[in-house]
Every structure is written in C-alpha cells, then in structure tokens.
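Here's a quick walk through one model, written for someone who likes to have the contacts spelled out. Have a look at it first, and then we'll go through it piece by piece.

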Amino acid sequence: MYSLLKELFPICRSITGDGVRESLRIINKRIPLRITEVPSGTRCFDWIVPDEWDISSASITDPRGRKIADFADSNLHVVNYSEPFSGTLELHELMPHLHSIPSQPDVIPYRTTYYTRQWGFCLRHRDLLKLKKGRYKVEIRSSLKPGSLTFADAVIPGRTKKEIIISSYLCHPSLANDSISGVAVATHLYKHMKARKDNHYSYRFIFVPETIGSIAYLKMHKAHFLKNVYGGFVLTCLGDSGPFNYKKTRQGDHALDRICENVLKHSGHPYRIREFWLPGSDERQYSSPGFNIPVGSLMRSVYAEFKEYHTSADNLNFVKESHLEGTLEMYKSVLEAVESDFHYVNLNPFCELHLTKHGLYDNPLKKDDPMYIRKILTLLNFSDGQHSLCEIADRLDAPILELAELARILEQKKLVRKT
Ligand code: ZN
C-alpha cells in the first residue's frame with residue numbers, strides 16, 4: 001500500500017488537470033476504474049465546473065539571481081490554480097502574493113485559489129524573512145482554459161442493489177495524509193471486497209477531486225444515489241500515528257454509527273467518537289439535506305487538527321506504512337460487520353429452545369467463552385426481527401463479529417433466518 005502512496009505523492013494534483021489523470025492512471029494499474037471527464041462550464045447544482053488548470057514550472061528569482069521558490073523543488077510553492085504570470089516586481093509589490101505560516105517557520109503552506117483568478121507563492125516563513133529590497137523575477141507557466149474535471153469509480157455488485165459508497169479525494173498535490181492516504185486505503189479495500197465472495201451490499205468506490213468532484217459525481221448519479229445508496233464512508237487522514245477518530249453520519253444514530261463504535265470499542269485501540277460537524281470533506285455533499293445519505297468517516301488524526309495539516313510537513317515521513325495497514329484492517333473489520341448486521345427471526349419463538357437437543361449446550365465454543373450461554377440465549381431472544389445483530393451485540397457488550405459467528409451457527413441449524 002505504501003508503494004502506491006509513494007507513487008502518487010510527487011504528482012501535482014488539483015481539482016482538474018493532468019495531475020488527477022496521472023494519479024487515476026496509477027490507481028487503474030491496480031484496480032479497474034471507469035474514468036469520466038466532465039467538461040468545464042458544466043452546471044452541477046449551484047456550482048459550475050471551472051476551467052482546467054495545468055502547470056509546468058514556476059519560480060521566483062531574487063535580485064542576486066537565486067531561486068527563492070521553485071515549483072520543481074516542491075509543488076506546494078505555487079498557490080494551486082495560480083494563473084499564468086511573467087514579470088519583474090519590487091519586493092513590496094511581490095509581498096501580497098506570498099504566503100507563509102509565522103508560527104511554523106520551517107514548513108511550506110498549501111494554498112489554493114480555485115475560483116478567484118490570481119497567482120501566488122508559498123514559502124517557509126524563515127525564507128520569507130530573509131527577503132531584501134530589490135527586483136524579483138516571477139515566472140508561472142500555467143494554463144487555465146476550458147477542459148474538463150476528471151473523476152473515477154469502480155463498482156463491485158453484491159446480492160442486493162443497495163450500495164455502500166467508499167469515497168476518497170485526490171485533488172491535493174504533494175500531501176500524504178490529507179487526501180492520498182485515503183486513496184491508497186480505498187484502493188486496497190476495493191481489492192479486499194472484490195476478493196470477498198458473496199457480498200450482501202454492492203460497493204461503489206469513488207475517486208474524485210474534493211467538493212466540486214463529489215458535487216459533479218452526485219449531479220451525474222443523482223437518481224441512483226437517491227434510490228440505491230444505503231450509506232458509506234469518506235476515507236482521508238489514515239496514515240499518521242494518531243488514535244482513531246470516528247466522525248458520525250449526519251443521522252448520528254444510523255446502523256453504520258453503531259457498527260463503527262462497536263468495532264472500535266472491541267478493537268483494543270484508542271479511539272474517539274465525534275458527532276457530525278461541518279465543514280469537513282465530501283460527506284458535506286453526500287449528506288446535504290437533498291441527498292441525506294448517512295456517510296461517516298473513520299480517520300486517525302482529524303483534518304485541520306494536526307499541525308502538519310495543509311503544510312509540507314504532511315509528507316512521506318509523517319505517514320507510516322504500519323499506520324496505513326492498521327487503518328485498512330480497521331476498515332476491513334467495519335465492512336465485515338456491515339455485511340453481518342442483519343435482523344434475524346427466531347423460528348421457534350415460543351419459550352426457550354432446548355439447547356442440548358440442538359447441540360448448542362455442549363458446543364465447543366462454550367469452553368472458550370464463559371459468556372457463551374448468555375450470548376446464545378440473548379441472540380435467540382432478541383432475534384425478533386426488530387433488533388439488528390449489532391444492537392444485540394451492544395446489549396451484551398460483545399463484538400458484533402463474534403456474535404455473527406453464533407448467528408451463522410443458528411442459521412445453519414435452521415433455528416433463525418434473516419429478515
Ligand atoms: Zn485538505
């Protein structure tokens with residue numbers, strides 16, 4: 001998984017342009033994508049797909065001929081979506097175009113200007129402080145012209161048409177945790193769910209530029225979303241060393257929220273559950289009131305809360321392979337739980353079952369689990385079609401995946417059935 005992150009990291013992405021296409025080509029080598037181009041000028045609800053931005057080089061040269069900011073060193077040096085510019089400016093004319101973070105003098109900030117035509121550069125504050133009076137040569141070789149916005153998806157059909165969406169975004173340039181950690185985990189989660197036989201839900205993996213990309217995607221698939229999408233997750237900020245944070249769905253009490261909390265609680269890892277808030281990532285669009293799709297986000301450190309966020313410090317040293325792998329495992333458990341969270345009906349609802357008769361009393365599972373009898377009786381009792389498996393697991397303070405095993409045994413013995 002880390003190799004994918006390393007391959008994607010150097011590319012200068014934006015909400016449109018060849019950086020997104022190149023990134024999708026790399027992902028497409030690993031999983032089969034359907035790639036869609038949406039022309040500039042396309043109206044998508046209250047938004048219009050902007051002109052396409054591409055860039056080949058950009059730099060500022062100081063009065064002594066030294067480059068003080070060069071796109072070739074870091075694509076963060078250029079304000080993303082800067083219009084083309086070539087000229088020589090006095091320092092006081094240049095200063096309004098320069099951005100730095102005084103409280104973090106050693107990092108290059110990440111800035112964008114998608115919808116306002118201007119240009120700018122981002123510098124380490126310590127370098128900005130060294131600038132002397134004089135004339136500076138500025139060169140930005142970018143283009144802003146009608147083209148298209150690019151996004152991609154990949155669908156794994158399940159037994160039902162009801163879909164779980166797994167959405168990640170790839171519009172950030174060389175930033176590792178914010179944006180492409182989600183893309184890397186999503187790519188591997190696709191492989192896992194594809195290999196898993198007999199999925200109940202269909203899975204739709206969505207790779208879009210953040211905000212305008214998900215808005216364009218929803219515009220194009222509006223009827224499908226309203227009819228078939230059950231819920232989903234936005235994947236981002238998955239590779240740092242922080243504890244898990246689960247941002248709940250807009251509904252706040254959806255089955256997906258219950259499942260995530262159950263899986264996290266019994267994982268042994270530190271975690272925090274957070275109510276839905278705005279802004280955030282693309283859950284803002286999926287959960288806008290017109291769509292109202294329950295979309296949660298299981299992250300590590302939360303965007304905008306870690307100091308490396310939107311700076312050059314969010315790099316390949318900040319994201320570790322072991323953290324990415326740990327998050328992938330957590331998402332696999334969550335989807336396994338989603339695939340297990342059925343409502344069951346006890347087919348012998350009058351009085352308790354005689355467990356011995358059905359080989360359930362002296363079951364080998366009983367030896368390993370002092371709670372076994374309580375679990376099996378509770379499961380049978382609450383298998384009334386009204387309680388989901390996760391609700392029953394929570395009642396027992398037990399992992400849903402453990403209870404799913406018992407439910408499978410009962411189902412094989414034809415003692416319960418799924419509603
Ligand atoms: Zn971001």
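## A helix tucked away

Let's start with helix α6: seven of its nine residues are buried, so the helix is largely enclosed by the rest of the structure. The buried ones are Ile-212, Gly-213, Ser-214, Ile-215, Ala-216, Tyr-217 and Leu-218. Keep in mind throughout that this is a predicted model.

## Three domains

How is the protein chain divided into domains? Domain 1 comes in two pieces, 2-50 and 148-338, while domain 2 covers 52-145 and domain 3 covers 343-418. If you take the C-alpha centres of domain 2 and domain 3, they lie 64 Å apart.

## The eight-stranded sheet

Eight strands make up an open sheet with mixed pairing, and reading across you get β1-β10-β12-β11-β13-β16-β14-β15. At the edges sit β1 (34-39) and β15 (271-274), each of which pairs on one side only. Ignoring direction, neighbouring strands here are turned by 20 degrees against each other on average.

Zoom in on β11 and β12: these two run parallel and are joined by seven bridges. One residue to look at is Glu-163, whose bridge partner in β12 is Ser-202. Two helices pack on this sheet. Helix α2 (residues 18-28) touches β1, β10 (148-156) and β12, and its direction makes about 20 degrees with that of β10. Helix α6 (residues 212-220), our opening helix, also touches β1, β10 and β12, but its direction makes about 65 degrees with that of β10.

## The four-stranded sheet

There's also an open sheet of four strands, ordered β5-β4-β9-β6, and the pairing in it is antiparallel. Its edge strands are β5 (67-70) and β6 (85-90), and each pairs on one side only. From one strand to the next, the twist averages 15 degrees.

Within this sheet, strand β4 (residues 52-61) and β5 run antiparallel and are joined by three bridges. Ser-59 is the residue that stands opposite Asp-70 in β5.

## Salt bridges

How many salt bridges does the count come to? The answer is 30. As background, side chains of opposite charge can pair when their charged atoms come close.

One of these pairs is Glu-163 with Arg-204, where the closest N and O atoms are 2.7 Å apart. Glu-163 belongs to strand β11 (residues 163-169) and Arg-204 to strand β12 (residues 202-208), so this salt bridge ties together parts that are 41 residues apart in sequence. Are the two partners buried or exposed? Glu-163 has 4% relative accessibility, which makes it buried, and Arg-204 is buried as well, with a relative accessible area of 6%.

Glu-329 and Lys-332 give you another salt bridge, at 3.1 Å from N to O. These two are three residues apart in helix α10 (residues 321-338), so about one helical turn separates them. Glu-329 counts as partly exposed, with 40% relative accessibility.

Then there's the salt bridge between Glu-411 and Lys-418, with an N to O distance of 3.5 Å. Glu-411 is partly exposed at 26% relative accessibility, and Lys-418 is partly exposed too, with a relative accessible area of 30%. Elsewhere, salt bridges with shared partners link Asp-18, Arg-21, Glu-37 and Glu-52 into one network.

## The zinc site

Which protein residues act as donors to the zinc ion? They are His-172 through NE2, Asp-178 through OD and His-310 through NE2, at 2.0 to 2.1 Å from the ion. Along the sequence, the donor residues follow the spacing H-x5-D-x131-H.

Accessibility is low for two of these donors. His-172 is buried at 3% relative accessibility, and Asp-178 is buried with a relative accessible area of 2%.

## A buried threonine

Last stop: Thr-187, which sits in helix α5 (residues 176-195). Its relative accessible area is 0%, so Thr-187 is buried. What does Thr-187 touch, leaving out residues up to four places away in sequence? Its contacts are Leu-4, Ile-27, Arg-30, Ile-31 and Phe-207.

How values were computed. Residues are numbered from 1 along each chain as its sequence is written. This is a predicted model: local features need pLDDT of at least 70, side-chain atom pairs count only at pLDDT 80 or more; totals for chains, interfaces and linings use all residues. Side-chain values use heavy atoms; hydrogens and water are left out. A salt bridge is a side-chain nitrogen of Lys or Arg within 4 Å of a carboxyl oxygen of Asp or Glu. Buried means under 20% relative accessible area, exposed over 50%, partly exposed in between (1.4 Å probe, protein chains only). Donors are N, O and S atoms within 2.8 Å of the metal (3.2 Å for Na, K and Ca); water is not among the atoms, so sites may look incomplete. Domain bounds come from an automatic or database domain assignment. Two strands pair if DSSP finds at least two bridges between them. Axes are lines fitted to C-alpha atoms, for helices over the stretch in contact, and angles run from 0 to 180 degrees between N-to-C directions. Contact means heavy atoms within 4.5 Å.
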